[in-house]
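Visitor: I am new to this structure and would like a close look at one part of it, the second of its chains. Please take me through that chain slowly, and explain the terms as they come up.

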Amino acid sequence: MRRHYKQLIIIGIIIILSGLTLGFQKIKIGNFERGGNTILGLSLGLELQGGSHLVYQAINADSKEPFIPTEGSLEMDSLKKSIERRIASAGLGEPIIQIIGDNRLLIQMPGVADPDRAKSIIGETAQLVFKHRKLDVARQIEGLSDNSAINIYASEELNNDTGVTTSGTDQKLGAIYAELSSEDAEIFSNLISRMSDEFYAEYSGQKTFLENPSTIEVSIEGNSSLKYRVFAIQITRKENTNEFLFPLPPNPANESNYDVESANNIIGENGKIFFTEIVGALDEDIGLTGDDLATSYAGTHANSGQPIVNLIFKERGTQIFGELTQQIAGSPTDQIAIFLDETELISPVVESPIVSGTSIIQGRDFTLEQVKDISLLLESGRLPLPIELLKERNVDAILGADSLEKSLIAGIIGLCLVILFMFLYYRVPGLIAGIALIIYTSIVLSILKLFPGNLTTLNLSGVAALILSIGMAVDANILIFERMKEELSQGRTVLSSINIGFNRAWPAIRDGNVSTLITCAVLFWFSQQLGETVLQGFAVTLAIGVVISMFSAILVSCTFLRILANSSFGKKSILYIPTK
Amino acid sequence: MDFAGKRFWFYLISLAVIIPGIIFLIIAPGLKTGIDFTGGSTMNLSLSEPMTQSTLRKELNNLGYSEATIQRLDDNSFFIRTKELNEDKKNAIVNGIQNNFPQQIIEVLSFDLVSPIVANETVINAFWAVLAASFFVFIYILWAFRSVPHTIRYSFAAITALLHDTIIILGIFAILGKLMDIEVNTFFLFAIVTVIGYSINDTIVIFDRLRENINLYPNDNFSKIVNTSIRESLGRSLNTSITLLITLTALLLFGGSTIQTFLLVLLFGVIVGTYSSIGVASQILVSWEENDIKKLFSKKNITR
């Protein structure tokens with residue numbers, strides 16, 4: 001007994017751990033969260049557990065009308081594939097996705113704990129677009145004649161409605177009056193009202209300052225020249241005339257605004273005035289989208305600790321991104337604007353060229369959960385078609401709750417019969433094998449429960465792998481017992497029969513299990529390449545089962561047998577020799 | 001018992017099962033693929049009064065839709081997948097249920113065609129994956145049995161036994177499909193892969209005994225060693241398969257009806273897998289050693 005303390009303690013610890021793992025339906029240690037509201041808290045597939053039943057309608061991006069596929073088109077198939085990928089990488093379980101009719105999708109997912117997150121992961125279009133944002137871009141005002149002003153003069157600024165405060169100075173402030181032709185006046189008037197609208201629209205977006213406001217550049221060529229920018233809201237049209245009033249900027253000579261006189265000095269006899277629209281920010285499409293991403297993953301910023309999404313571009317993306325960043329590096333008037341589903345996330349300037357094909361995106365108020373979901377959505381690719389949720393219900397397991405209950409009971413009956421058979425045939429060792437089998441099963445189940453990801457979800461393929469691995473565990477025991485029996489019948493003591501029997505049986509157990517492990521590895525690698533997650537799950541579950549079966553045969557069964565052989569039971573070989 | 005001497009009987013038994021199976025596999029439609037692979041119709045059935053899932057399953061079974069999967073949405077409504085139905089057949093189902101439950105008001109809330117759950121690619125992918133796995137097992141056996149002469153024969157024999165088992169199972173289900181309308185679905189795919197795993201393990205256990213005995217009695221005749229090895233490992237072979245058969249039979253008899261095809265594949269797989277280790281894998285080794293193929297031809301030459 002004393003010799004086996006170590007083994008017994010190890011076995012004991014493992015039994016307690018797996019008992020605890022299975023005993024509590026939900027386990028939460030720090031960030032590690034496992035289990036759920038199911039039998040023993042195992043994660044079960046849709047065959048064994050009910051879940052969500054969602055019906056989606058594919059719609060046209062523009063018209064929002066139901067999508068009508070043309071003959072032989074593949075949009076619905078690729079939609080299905082994108083959603084499959086998303087659900088798989090979000091760890092939402094093995095779904096069933098079917099195309100219903102022409103343009104609907106049925107999605108069933110096993111036991112979804114957070115239906116809102118599931119829906120947002122399925123439904124987001126997740127279109128990531130990179131744009132080259134140019135700041136302060138001068139643009140000719142469309143339609144306006146080159147030399148548009150018929151007449152310009154400086155005069156006192158109207159105090160009431162210029163929109164500009166003349167803030168308490170007694171000095172008479174100058175302003176420029178420019179009279180345009182009636183055609184030009186209409187064009188100019190439309191321009192300033194559009195720009196004012198944009199200004200207010202952005203201003204009302206609860207921003208304390210405008211990031212990149214558009215302006216109009218006024219350029220006066222007379223005795224001397226003056227060039228300055230004004231906001232559209234600072235320009236007024238004199239009622240019932242074609243005259244526009246422009247405020248004047250501060251005069252660098254005396255650090256106060258130009259007065260009428262100095263303004264007139266600039267204009268002189270034949271002064272001319274020109275207008276240019278300065279677009280605050282112009283977003284230029286560069287053909288770089290989420291489709292050009294190779295991978296994306298969540299993380300935190302090295303300096304600020306803010307949650308960020310890391311991006312790695314594919315070859316094409318790397319090239320475009322590299323060229324753009326080279327072109328605009330160091331320029332304060334160029335930015336890269338990043339949009340997700342048409343919402344601007346961030347628009348950084350580029351400090352140095354990025355040719356390595358990596359980038360990060362930051363949002364103003366990202367949480368860690370959000371960056372995880374965003375990177376997942378980006379990685380799984382955007383949906384080829386937008387979708388709309390039509391129906392949402394709960395649904396029962398595919399195999400049917402009633403049928404499953406019966407099968408569970410039948411499985412337990414089967415296990416009891418096996419233990420009975422083993423006891424009748426192999427006597428005490430058979431009983432020990434039975435106990436080892438129960439320990440074995442609970443260890444495997446707890447590993448399946450603790451295993452990260454959702455590959456070890458117990459669906460029917462998992463059950464198949466489990467049955468095979470239990471069969472192999474029983475086989476390992478039987479192999480040892482048969483060899484033991486042979487040694488016993490040659491008149492050896494019980495203890496040496498156990499040891500020799502085990503040594504003789506080991507090569508068979510090893511080779512059988514190793515070849516199964518090889519099969520698992522190849523199946524896993526292959527199905528991973530091909531994206532067949534169900535086969536992957538089968539391989540992982542079987543591999544876990546096989547490894548544990550070797551452990552259980554070596555450690556659990558043999559330790560118990562040796563302990564018994566050392567006790568007074570060891571003397572009575574009748575307990576070990578099967579009935580003939 | 002002289003197993004090796006009876007090897008032609010073993011081959012004959014195998015052929016007697018394989019040939020009809022292959023014939024049934026070749027003549028259309030071969031394996032009857034279920035709605036997981038073909039797609040079909042779905043309907044959302046709403047009832048005025050609660051009904052159990054098993055009652056509805058029985059009804060559909062009696063109407064000839066044994067392949068239907070039924071999911072309960074709530075007490076009074078069910079989501080049903082069947083093979084492709086037209087309007088008439090759908091009405092026949094509704095009327096059939098109505099006849100047995102006259103008090104029910106049955107309403108079909110939705111009725112649509114759906115795509116397959118499992119793409120055909122998956123089956124093809126699984127096939128390649130299994131083929132690749134077989135190749136690596138072949139290599140592993142070469143390494144593990146390097147101590148015995150003619151190692152490649154062991155690799156070859158093990159893979160042949162595996163193929164033998166797979167073809168027999170496919171054949172049996174082609175026959176069952178014709179005779180009893182049993183369809184193969186996703187479950188079938190996994191059951192087959194499981195059977196392959198079992199087959200390899202079982203063959204290797206017998207080969208292990210051979211390996212041991214060849215080194216133990218290097219001067220014995222190969223057939224004799226094969227016989228001894230089979231005899232010595234027969235107890236283990238029978239007991240392992242009996243324990244599995246007990247469990248599977250219990251599940252088949254007392255378990256739910258929805259996984260019967262799945263269990264049936266495993267049940268046949270255990271029987272065939274155990275048989276093929278003794279009757280095919282080991283006997284191929286004997287035939288190779290005894291140059292059976294050459295003898296077969298030379299006998300013909302003599303009779304001519």
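Guide: What follows is a walk through chain B, then its contact with chain A, and then a brief look at chain A itself.

This is a predicted model, in which local features need pLDDT of at least 70 and side-chain atom pairs count only at pLDDT 80 or more, while totals for chains, interfaces and linings use all residues. Residues are numbered from 1 along each chain as its sequence is written, and chains are lettered from A and ligands numbered from 1 in the order in which they are written.

The mean pLDDT of chain B (the predictor's confidence in each residue, from 0 to 100) is 88, and 98% of the residues of chain B reach 70 or more. For the complex, the predictor gives an ipTM of 0.87 and a pTM of 0.73.

Chain B contains 10 helices and four strands, where helices (H or I, at least four residues) and strands (E, at least two) are DSSP runs, numbered from the N terminus. Read from the N terminus, the order of these elements is α-α-β-α-β-β-α-β-α-α-α-α-α-α. Chain B is more spread out than a compact globule, because its radius of gyration is 25 Å, well over the 19 Å that the globule rule gives for 304 residues. That radius is taken over C-alpha atoms, and the rule is 2.2 Å times the number of residues to the power 0.38. Along the principal axes, the C-alpha atoms of chain B fill a box of roughly 80 × 45 × 30 Å.

Chain B is divided into domain 1 (4-33 + 119-299) and domain 2 (40-114), with bounds that come from an automatic or database domain assignment. The centres of domain 1 of chain B and domain 2 of chain B, taken over C-alpha atoms, are separated by 41 Å.

Of the 304 residues in chain B, 45% are buried; a residue is buried if 20 or more other C-beta atoms lie within 10 Å of its own, exposed if 12 or fewer, and partly exposed in between, with C-beta atoms placed from the backbone. One residue to look at is B:Asn91, which has its place in helix 4 (residues 87-100) of chain B. B:Asn91 is partly exposed, with 13 other C-beta atoms within 10 Å. From C-alpha to C-alpha, B:Asn91 and B:Val108 are 9.4 Å apart in space, and they are 17 residues apart in sequence.

Two residues are in contact if their C-beta atoms, placed from the backbone, lie within 7 Å. Among contacts in chain B between residues at least 6 apart in sequence, 79% join residues at least 24 apart.

Contacts also link the two chains, with 57 residues of chain B touching 60 residues of chain A. On the side of chain A that touches chain B, the elements that each supply at least two residues include strand 4 (96-100), helix 8 (401-426) and helix 12 (533-566) of chain A. Helix 8 of chain A gives the largest share of that side, 16 residues. The residues of this side of chain A divide into 37 nonpolar, 15 polar and eight charged; here Ala, Val, Leu, Ile, Met, Phe, Trp, Tyr, Cys and Pro count as nonpolar, Asp, Glu, Lys and Arg as charged, and the others, Gly among them, as polar.

As for chain A itself, its secondary structure comes to 12 helices and 21 strands, and 42% of its 580 residues are buried.
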